[in-house]
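Reader: I would like to go through some of the labels given to this structure. Please set each one against its rule.

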Amino acid sequence: MVRTLTAAWMVVVGLALLPAMVFAQSSFTGVVKDSSGAVLPGVTVEAASDVLIEKVRTVVTDSEGQYRIVDLRPGTYSLSFTLPGFNTFRRDELQLPSEFTMTVEAEMRVGAVEETVTVTGESPVVDVTTAVHTQVLDREAIDAIPTGRSIQGMAQLVVGVTLNLPDTGGARAMQQTYMATHGISAGNAIDRIIDYTFALGGPIKKDKVWFFTSARYFSVNNFIANTLFDDGSQGVDDQYIKSALARLTWQMSPKNKLSGYFDEIDKYRGHDMQSLEDPEEAALQWFSPAYHTASVKWTSTVSNSLLVEAGYSRNLEYYTNSYQDGVGKPRFTQEWLASPSRQEIGLGGRRTAATAENTQSPERHNVQASLSYVTGAHNFKFGVQQTWGDFWHTVDANGDLTQRYRSTAATGPFAVPDSVTIRNTPLFYGERLNRDLGIYAQDSWRLNRLTVNGGIRWENVKAQVHASESPAGRFVPARSTPVIENVPNWKDWAPRFSAVYDLFGNGKTALKYSINRYNQIRTTGIAANYNPLLSQTATLPWRDISGDDIAQGERNCTGYPRVGCEIDFLGLSSNFGIAALNEFGDYPRTWNLEQAIEVQHELLTGLSVSGAFFSGGLHNLTSTINQSWSLADYAPFTFYSPITGQPFEVFARSVEASQRPTRNLDTFDPDRKHKYQAFSFEGKWRMPWGGQVFGGTSIERERFRSCTAPDDPNYVNYTGLDVFGASVGGILNYNTQRFCDEFAHDIPFRKSYKLAGTMPIKWGIDFSVAFQSNDSPDSLRQMQVTRGVSRYPATCPAPCPAGQIIMPTGVFGQSALSINLEAQRATFVERITQLDFKVSRTFRFGRMSVLPVFEVFNVNNSDAIISYVSTDALNTAFLRPNSIMQGRMYGLGATVRW
């Protein structure tokens, strides 16, 4: 049975507490007064910086003496204030970070205009006008602090951000590691990391046209534990990325600017594999036939208070995951039948072929436009965003199945057939995002010390299934589907509100509160769930009666087990692979209501500290109910934990019920619940003698309740679906009654500690360090059981009946069950603690500078386990390490600028 249960999203990087983030560009704001304290309207305020192609941005203070300069790039600025009859007031060396509103006040005295009063001082470090919670890694930090030079590698330095897999020195930079916020004989190791980057930019026509180009070759080769090539050398996951970018900016007139860029990427991965997998046969190859991004944007400062922006962007990410050369066989030949993927679930490992080949071809188009009205105290913005695009997929596999074995050390690997995971391949299907439309308006008012931001956003998400055809496979006939529209067609509002109070009126202490609704981001994923050609799998018992190690049997064969019918199709849904298993129940869009409160304070000059609390939860969660089943189709049965031996109750579905067509209704479930809480404590210090230090700690917890079961009292877990929509391994995870409600269990808080910084020492040498200590990924203990095959281990403690069949064939209609033995987030692997440092020195030769660097990653040489070969308590490889932290690594490099 396939269930579609809405997954939760975590707190994202740079959590947006401002309404819609449409006022999130960097800016200056403040009030200009005379020496008596009276406000001064009509003062000309100029922001000058080399980061502005127009060099200077100018506004005039309003009737309340307030000004605001928006849409600024991060960098070093000078502010000057001029008014006839008064001295010119000037502030230099203001370091404006990204996503930051800097408050700079000015006091002007009566005098000659040609007289200039220059005030020196540190740049303000507290934002007292916006509730955006950000941690900015500026160019100094990016260049100096040891990281893997990827978005994820740098993001893991930010308090509150976690990666699903740790990145040591860029060892995982070839693949996307996912960011979230709020016994090895030959171990994992780095073979090599190569990173060449070239960049060149400058004016084509001074103050008019500017260009920037860059090119990068980045290669990371990782040794994979317990993998060997045929020549006896250790298996290597070899991979590279080649990219080139070109950007052009044209200052068409003093008020109009046009910019555009194009970024092309060529990505290759020679051997995508895990521990114990055969690199010659079972590894996948990755290719990127079309992988690029393009964008163009027009900006017009119509007046001092009116800004117009419009742009278009396009993103293609076509990629293929292919068998190794020679592994794929012609369909329906004897070679094809004999060459499916073979997975060892007992001892761990895979050979013959990877699970399946696939292509993914998403295309995204986006247009947006906005109009901003900006004064010193009042800022209004109105805009529209529209996204659309297609997503095509193909999936194919040798034999249209995977053969699974549950062997022991005594028998050796791939010796004891257990089951097969059949597929409805070959497949060609697609979906279209007709529109993801957002129309928003928001207002920001500054009332003395209080700044109030309010906004409203109307959103419409509409998608469809494309008409397509797929040929016949081993277990399915030829299939086709017409266009299926309005899956979904949601129209929702998203209100936002935040307030910021300058507690003492000196710009050094800000109290911030926000409450915002965020509708769940959706593209074509909903439509894919209702595509009749969606990739589907089912795990069925298998006996190798003929002894030829080929799973024989076609769908609906009888007489199992016998030669020619070695796969037990009993209980397989009659509409498997030929119809959409799920029906769209016209359920509403899931949304998150989040509240946050934060206090930010400038403790010392250049030193800011903050404490924040976030809480939120998902609403309009869904569950999936198979309308062909009822609770009357189940009978209680006793399982025993292979770990503790203690009994617990499961429910066996009748064979007759299992054979009925699957009719899953995805529907709104008022009983499902999701909540998260997060605390963070952070600090950042820009030291007077140069350098900076930032870091802090975060504590967070996420809990779910998913106990709806009118069709299955085993309580299916909300996880278990792979990227193609099929259940992972053909088996869904079941929480059972014990673990469906995590609010009833002691789910621990996840804690992380981070500190990073750079500072000059003697002889022009800079020393940089990065320290992080994070909880590892979740590590859920399970028991994966195949009907009539799986037995309790001989070491199963009493009262567990050691050696006995767990799921008797005459009792269970389910072909397989994967039962969770604990709550989803109750157990982690090992804590991951890592220390990195870098030493660098800049040498200058006229207009050229050379920056050689020496880096050491994982100085403490941690060998913490990251993942296991198996968390199935019935397997011999239970809790056997699959991957560990990359060991200590050394790096040499140089950056040349001119």
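Author: What follows takes the labels one by one, for a model that is predicted.

Reader: What makes Y240 and Y268 an aromatic pair, and what makes the pair tilted?
Author: Their ring centres lie 5.4 Å apart. The limit for a pair is 6.5 Å, so Y240 and Y268 qualify. Their planes stand at 35 degrees. Stacked needs under 30 degrees and edge-to-face needs over 60. The angle of 35 degrees fits neither, therefore the pair is tilted.

Reader: How many aromatic pairs are there by this rule?
Author: The count comes to 24.

Reader: Which strands hold Y240 and Y268?
Author: Y240 is in strand β15 (residues 239-253) and Y268 in strand β16 (residues 256-272). The two are 28 residues apart, and the pair links distant parts of the chain.

Reader: Which residues do ring pairs link into a cluster?
Author: The cluster consists of Y217, Y240, Y268 and F287.

Reader: Why is Y240 called partly exposed?
Author: Its relative accessible area is 22%. Buried means under 20%, and exposed means over 50%. The value for Y240 falls in between, so partly exposed is the label.

Reader: Why does L511 count as partly exposed?
Author: L511 has 35% relative accessibility. That value also lies between the cut-offs of 20% and 50%, so the label holds. L511 is found in strand β30.

Reader: What makes L511 eligible for a nonpolar surface patch?
Author: A patch residue needs over 30% relative accessible area. L511 has 35%, so it passes that step. L511 joins F497, Y501, L503, F504, Y513, I597 and V599 in the patch. Together they have about 660 Å² of accessible area.

Reader: Which elements give two or more residues to that patch?
Author: They are β29 (489-502), β30 and β33.

Reader: How do you know that β30 and β33 pair?
Author: Pairing needs at least two bridges. Strand β30 (residues 509-519) and strand β33 (residues 591-604) are joined by 11, so they pair. They run antiparallel. N516 stands opposite E594 in β33.

Reader: What lies on from β33?
Author: Strand β34 (residues 607-619) pairs with β33 in the antiparallel sense, over 13 bridges. Q595 stands opposite S615 in β34, and E594 stands opposite G616. The two strands form a hairpin with 2 residues between them. In the turn, G606 has a positive phi of about 85 degrees.

Reader: How is β34 joined to β39?
Author: There are 11 bridges between β34 and strand β39 (residues 673-686), which run antiparallel. In β39, Q677 is the bridge partner of S615.

Reader: What makes β32 and β35 edge strands?
Author: Each pairs on one side only. They belong to an open sheet of 3 strands, in the order β32-β38-β35, with mixed pairing. Neighbouring strands of this sheet are turned by 35 degrees against each other on average, direction ignored.

Reader: How do you know that β32 pairs with β38?
Author: There are 3 bridges, and at least two are required, so the two strands pair. The sense is parallel. E583 stands opposite L665 in β38.

Notes
Residues are numbered from 1 along each chain as its sequence is written. This is a predicted model: local features need pLDDT of at least 70, side-chain atom pairs count only at pLDDT 80 or more; totals for chains, interfaces and linings use all residues. Side-chain values use heavy atoms; hydrogens and water are left out. Helices (H or I, at least four residues) and strands (E, at least two) are DSSP runs, numbered from the N terminus. Axes are lines fitted to C-alpha atoms, for helices over the stretch in contact, and angles run from 0 to 180 degrees between N-to-C directions. Patches are made of residues with over 30% relative accessible area and no salt bridge: like charges are joined within 9 Å, nonpolar side chains (Val, Leu, Ile, Met, Phe, Trp, Tyr) within 5 Å. Accessible areas come from the Shrake-Rupley method with a 1.4 Å probe; for residues, only the protein chains shown count as cover. A salt bridge is a side-chain nitrogen of Lys or Arg within 4 Å of a carboxyl oxygen of Asp or Glu. Buried means under 20% relative accessible area, exposed over 50%, partly exposed in between (1.4 Å probe, protein chains only). Rings of Phe, Tyr and Trp (its six-membered ring) pair if their centres lie within 6.5 Å; planes under 30 degrees apart count as stacked, over 60 as edge-to-face and the rest as tilted.
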